[in-house]
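Please open the structure in your viewer and keep the sequence panel beside it. This tour suggests what to select at each stop and then says what is there.

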Amino acid sequence: MSEYYVCTGCALLCDDIGVETEGNKLTKVHAACLKGVARMKGCSDPMECTVGGEKADIDSAITKAAAILKSAKNPLIFGHGNSSSQAQKISIGLAKKTGAYIDDTSSFCQGPIIEAILQDKLKTCTLDDIRHKADVIIFWGADPSNSHPRHLSRYSYFPRGEERQRGWEEDRTAIAIDVRKSSTAEICRDTRFYQIPMGSDAEFIEALVSALSSKVPKTSFDFDKKRILELANVMKKAKFGVICVGLGLVYSLEELEPLFKLMEKLNEVSNFHLIPMVGQYNMRGFNQNLFAETGYINRLKFNGETGDAEHGAEYSVVEALRNRSVDAALIIGSDPLSSLPLSVARYLAEIPLITIDPCQNLTATRSTVTIPCALGGVESGGTAVRMDGVEIELKKIVETDNLSDEEILTRITEAI
């Protein structure tokens with residue numbers, strides 16, 4: 001291939017993708033996983049521009065969207081994980097201007113991990129560091145074989161690196177800690193798979209910290225102490241260790257203190273890093289952009305007069321909807337009616353909604369205004385931030401009549 005592109009199928013943002021086009025249509029995608037191919041080939045059900053359920057032109061839709069946000073006392077702006085960093089920054093500005101709540105999916109997934117990394121509370125590294133240096137990789141509550149299909153082959157287990165010339169098995173040890181035997185756990189084999197009861201991650205961490213401290217590990221559930229000691233021994237010997245944190249671990253921990261304790265102990269006896277297994281291609285970008293602007297990564301409410309922001313759990317999308325604190329919502333590249341609990345989704349469906357997305361979804365069917373946007377990394381360019389914090393440039397591949405989300409948000413902002 002004469003030119004390579006970036007896949008926006010997940011937060012790996014693989015940059016070695018070849019494509020073939022016919023006219024103004026992408027026909028073939030090379031090197032991407034099935035998930036990436038599906039993303040890059042676009043929507044099976046593209047969104048249409050509508051106002052009040054009727055087809056409309058883009059100018060009318062933008063005018064109506066601006067009117068909804070301007071008249072709302074407490075609007076919500078939510079989504080952002082599938083938007084370019086440029087669009088995210090404009091969205092933050094729009095939230096300031098309208099005194100809006102602003103949040104994203106990290107509010108109920110990887111947010112605490114990313115925030116701790118940005119606050120320098122957790123030691124991290126890049127995916128390239130993993131490929132070139134890592135000899136012990138732990139997938140904790142994560143199944144990248146399904147969630148990030150090229151993670152193991154491109155970065156973590158199978159590839160040869162500068163300091164790992166023999167690749168998997170000989171130069172790398174892969175370990176899975178999970179409540180079930182996932183596809184990734186199958187690759188790690190039974191001897192490197194640690195199956196623990198649901199919700200017991202904090203207790204298992206405590207036992208592991210004891211083992212790392214040369215103490216006898218204890219658990220309330222029946223687990224072979226010898227295996228925990230063996231795991232601790234492998235981790236102690238690591239020259240460059242990595243824990244890939246999945247949602248299984250995030251959801252199990254009520255607070256991050258056990259993880260802080262584990263990482264502190266590991267870096268007393270070894271050399272360990274942590275990577276959050278971010279899903280949406282630019283979720284981390286939103287967290288970093290909001291953090292740079294406000295010092296927080298999500299769950300904010302802006303004061304429209306002063307531009308100051310308040311932060312707290314009550315400003316999360318879930319709590320704001322549960323408390324019926326918002327009276328309109330702008331949804332960007334997300335489908336909260338499909339993903340949020342029914343108890344809060346019901347209220348979201350009752351208030352005026354604006355949806356900006358390339359594809360039709362459930363939230364769009366209940367929206368007052370729908371505006372189709374260009375598909376990021378295929379029909380529009382910009383930049384995005386990979387799961388490890390590395391900024392990646394996105395290049396446009398094909399043309400479209402749809403505006404980018406950056407252009408749509410700019411026009412809405414200007415119309416208010």
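Begin by selecting the charged side chains of this predicted model, where the chain carries 47 positive and 57 negative charges, and the mean positions of these two groups are 5 Å apart.

Next, show the whole chain as a cartoon, and you can look for its 18 helices and 18 strands. The radius of gyration is 22 Å, close to the 22 Å that the globule rule gives for 416 residues, so the chain is as compact as a globular protein of that length. If you turn the view along the principal axes, the C-alpha atoms fill a box of roughly 65 × 50 × 35 Å.

Now switch to a surface view, in which the accessible surface of the chain comes to about 17600 Å², with 46% of it belonging to carbon and sulfur atoms. Beneath that surface, buried residues account for 55% of the 416 residues. When contacts between residues at least 6 apart in sequence are considered, 68% of them join residues that are at least 24 apart.

The following stop is about the cysteines. Which two cysteines form a disulfide? Select C43 and C359, whose sulfur atoms are 1.8 Å apart and which form a disulfide, the one disulfide that the structure holds. As a reminder, a disulfide is a covalent bond between the sulfur atoms of two cysteines. Looking at the link of C43 and C359 more carefully, you will find -75° about the S-S bond, and the link is left-handed.

To see what this link connects, colour the neighbouring elements as well: C43 lies in the loop between α1 (34-40) and β3 (50-51), while C359 lies in the loop between β15 (353-357) and α17 (362-365), so the pair ties together parts that are 316 residues apart in sequence. Are these two cysteines buried or exposed? The answer lies in between, because C43 has a relative accessibility of 22% and counts as partly exposed, and C359, with a relative accessible area of 24%, is partly exposed too.

Then select C10, which is in no disulfide, and measure in your viewer to the nearest cysteine sulfur, that of C14, which is 6.1 Å away. C10 counts as buried, because its relative accessibility is 7%.

For the last stop, select C244 together with C125, which holds the cysteine sulfur closest to that of C244; the distance is 8.0 Å, which is too far for a bond. C244 counts as buried, because its relative accessibility is 0%.

Terms used
Residues are numbered from 1 along each chain as its sequence is written. This is a predicted model: local features need pLDDT of at least 70, side-chain atom pairs count only at pLDDT 80 or more; totals for chains, interfaces and linings use all residues. Side-chain values use heavy atoms; hydrogens and water are left out. Helices (H or I, at least four residues) and strands (E, at least two) are DSSP runs, numbered from the N terminus. The radius of gyration is taken over C-alpha atoms; the globule rule is 2.2 Å times the number of residues to the power 0.38. Buried means under 20% relative accessible area, exposed over 50%, partly exposed in between (1.4 Å probe, protein chains only). Contact means heavy atoms within 4.5 Å. Accessible areas come from the Shrake-Rupley method with a 1.4 Å probe; for residues, only the protein chains shown count as cover. Lys and Arg count as positive and Asp and Glu as negative; His and the chain ends are not counted. The place of a charge is taken as NZ of Lys, CZ of Arg, CG of Asp or CD of Glu. A disulfide is a pair of cysteine sulfur atoms within 2.5 Å.
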